[in-house]
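Okay, thanks for making time, everyone. I'd like to walk you through one model today, so let me put it up on the screen.

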Amino acid sequence: KTTGAPARWEAGAATFYTLKAAGGSLVQGDGSQWQWLQSDLAALKGRRQVFVFLDRYPFPGEDGFSSRPEAELLRRRLAESKERLGATVWTFSPGAASGTAWEDGVRYQRLGAAAPPAAPHFALVTLSGNKATYTGLKL
């Protein structure tokens, strides 16, 4: 699952976020999610991994954000968090095809949506101490 109500939880040295980018925006209808995320990222301490699950790819485009400036600001905030914490920062979002983009040390992982009867694709992230590993799975 890459979407859901905005939420945050921790496991070990990792912090996880789920964000709702309905209509290609984190601020559409209510800017409180965006304000909360920025404040929370700025307050993080001692995190070695940060995982962000979005229902839109954080780049402008058909299955991405509708606002280029908002997408760029989100990616900038993630890169700043990576730099300040010395953390691994990954995002996961659905897409027409699977793929990975790296920008300023942040990993942007697209999970390809499978059309029936194909099996869905999943990302298995394993945390061990301060290390995170990723495996792509197709069921």
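Let's start with a single residue: which residues does Ser-81 touch, not counting residues up to four places away in sequence? The answer is Leu-41 and Gly-86. Keep in mind that this is a predicted model, by the way.

So where are we? Ser-81 sits in helix α2, which covers residues 68–85. Its relative accessible area is 4%, and because the cut-off for buried is under 20%, Ser-81 counts as buried.

Let me zoom out for a second. The protein has two helices and 10 strands. If you read the elements from the N terminus on, you get β-β-α-β-β-β-α-β-β-β-β-β. There are 139 residues in the protein, and 40% of them are buried. And for those of you who like contact maps: take the contacts with a separation of 6 or more, and 56% of them are between residues 24 or more positions apart.

Back to the helices. The axes of α1 and α2 come within 9 Å of each other, crossing at roughly 15°. Angles under 35 degrees count as roughly parallel, so that's what we call α1 relative to α2. The crossing of the two, α1 and α2, is left-handed.

Who meets whom there? On the α1 side we have Trp-34, Leu-37, Gln-38, Leu-41, Ala-42 and Ala-43, and on the α2 side Leu-73, Leu-74, Arg-77, Leu-78, Ser-81 and Arg-84. Sorted by class, that contact has eight nonpolar, two polar and two charged residues. Our Ser-81 is part of it, on the α2 side.

Now the cores. The largest nonpolar core has 23 residues, and the ones with the most contacts inside it are Leu-26, Leu-37, Val-50, Leu-74 and Leu-78. At least two residues each come from β2 (14–19), α1 (32–43), β3 (49–54), β4 (57–60), α2 and β8 (106–112). Helix α2 gives the largest share of this core, with five residues.

Let me pick out Val-50 from that list. Leaving aside neighbours within four places in sequence, Val-50 is in contact with Thr-15, Tyr-17, Leu-41, Leu-44, Leu-85, Thr-88, Val-89 and Trp-90. Notice Leu-41 in there; Ser-81 touches Leu-41 too.

One last thing: there's a second, separate core, this one of seven residues, including Phe-16, Phe-53, Phe-92 and Leu-111.

Okay, that's my tour. Happy to spin the model around if anyone wants another look.

Technical notes. Residues numbered from 1 in each chain as written. Predicted model: local features only at pLDDT ≥ 70, side-chain atom pairs only at ≥ 80, totals over all residues. Heavy atoms only, no water. Helix = DSSP H or I, 4+ residues; strand = E, 2+ residues; numbered from the N terminus. Buried < 20%, exposed > 50% of the residue type's maximum accessible area, 1.4 Å probe, protein only. Contact = heavy atoms within 4.5 Å. Core = buried A, V, L, I, M, F, W, Y, C linked by side-chain atoms within 4.5 Å. Axes fitted to C-alpha atoms, helices over the stretch in contact; angles between N-to-C directions. Parallel < 35°, antiparallel > 145°, perpendicular 65-115°, else oblique. Left-handed = near helix turned anticlockwise from the far one by under 90°. Nonpolar A, V, L, I, M, F, W, Y, C, P; charged D, E, K, R; others polar.
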